[in-house]
Amino acid sequence: MNTTTARGSLLAALACILVGGSFTANSLLGDYPYAGGQFLRYGLAFLLLLPLAGPGATDRLRALGPGPWLRLALLAAVGMVGFNLAVLAAERSAEPAVPGVFVGCAPVLVAVLVPLLDRRRPKRVVLYGASLVAAGALTVQGWGRTDGAGIAFSVCALLGEVGFAVLAVPVLRPLGPRLLSTTVCAIAAAQSAVAGVLTDGADWLRAPDAVEVGALLWQAAVVTVVGFVCWYMGMQRIGAERATLFSGLIPVAAACTAPLVGTGSYGAAQAVGSALVCAGVALGSGVPLPFAGRRGPRAPRAQKDRTGGQRTFERSSEKL
C-alpha cells in the first residue's frame, strides 16, 4: 500500500468513526426540533469551514455551471438533510437497527454504481469486501421490529447514504474537500430552515439547553467540519468505491459508544460483526489487518546450471 492510499484510508476511517459516534449524540437531541437542530448544526459548520475554504474559493464557485450547482443542491438535500429525515422517520415505526442495516448495504451499491457511471466494470475484490461489510453491519445491529413504512424510509436512508458519495464525485475535483464541505453545509442549512418553517412553523427553532448545546457543538465542529473534510479528502485519494467501504465502521463506532451514555451494550454479536466489517474493509481497500502477520523474506532459490554448479537467483520483492 502506498502513502496516498494509506492516508486516504485513515481519513475515511476517521470520518466514519466520527459519524458513528454522532448517533450517540443524536440520542441526546430527541426532544429538540429536528429541522432546527440541522439548521444549527450545518449553519455553525459553515461558519467554521468558511475560513478554511482556501484561496480563490469565490472564483471556483463562479466557474461552476448550472449542472454542478444542481448536483450540490441534490447532495445536500439527499445525502444530508434527506438522509437524516429518513432515519428519523424510519425510527418512528421501526427499531433503530432496521435503518442501520439498510444503510450498511451502501458499500455494495456504491461499489457497483460508481464504476458503471464511469463506464468501467466493478472490481470483484471491492464487491466481496463490500458484501462482508454489509454482513458485518447486520451482525452488529441485528434486526428489529418494523413495518412497511419503516422499511420504506430505511430504503430512503440507504439512497441518501449512497447519494452522499456518488453525487460528490464530479464536483470533488473542481472544488476540493474543504470548499465542497463548506458549500454543501451552507446549502443544507438553508434547506433545513425551509423544511423547518414548512413542517413546524414558528416552533422550528428554540434555544437549546446545556446538554443539547454540547451535542450540537459536537455534531457541528467534530462530526461535520472534521468528519466531512476527512471523508472527502479520503475519497479524493482512494475513490468513492473504497472510501464507502469504511462506512461499515459507522455502526461499529455507534455500538462502541452507545454504552457510554447508557443507550446500548457491546456483546458477542457486536464483536463478531466488528470483525466482519474490518475483514471486509481490509479485503476491499487493501488495508492490511492489524493481526495479520507479515511473511518473512523468501529464501533465495538455488538452481544448478549446466556445469553442475550452484546459481543463486535474486529474490523477487513481495508486495504486502
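**S192 and its contacts.** I started with S192 in this predicted model and looked up what S192 touches beyond four places in sequence: the list is A35, Q38, F39, Y42 and V81. I then checked where S192 sits, and found it in helix α9, which runs over residues 169-200. Is S192 buried or exposed? Its relative accessible area is 1%, so I noted S192 as buried, the cut-off being under 20%.

**The fold around it.** Next I went through the secondary structure and got twelve helices and two strands. Reading along the sequence, I wrote the order down as α-α-α-α-α-α-α-α-α-α-α-α-β-β, with the two strands following the helices. I also looked at how far apart in sequence the contacts reach. Of those between residues at least 6 apart, 83% join residues at least 24 apart.

**Inside.** I turned to the nonpolar cores. The largest holds 63 residues, and M80, L180, W231, Y232 and M235 have the most contacts inside it. Helix α10 (residues 210-245) gives this core its largest share, eleven residues. Another core lies apart from it, with five residues, including F83, A86, V87 and A157.

I picked M235 for a closer look. Which residues does M235 touch, once those up to four places away in sequence are set aside? My list reads A165, A168, V169, L172, A240 and A243.

**Surface and burial.** Last, I took the totals. The protein has 320 residues, and 44% of them are buried. It exposes about 16,300 Å², with carbon and sulfur atoms supplying 64% of that area.

Methods:
Residues are numbered from 1 along each chain as its sequence is written. This is a predicted model: local features need pLDDT of at least 70, side-chain atom pairs count only at pLDDT 80 or more; totals for chains, interfaces and linings use all residues. Side-chain values use heavy atoms; hydrogens and water are left out. Helices (H or I, at least four residues) and strands (E, at least two) are DSSP runs, numbered from the N terminus. Buried means under 20% relative accessible area, exposed over 50%, partly exposed in between (1.4 Å probe, protein chains only). Contact means heavy atoms within 4.5 Å. Accessible areas come from the Shrake-Rupley method with a 1.4 Å probe; for residues, only the protein chains shown count as cover. A nonpolar core is a set of buried Ala, Val, Leu, Ile, Met, Phe, Trp, Tyr and Cys residues joined through side-chain atoms within 4.5 Å.
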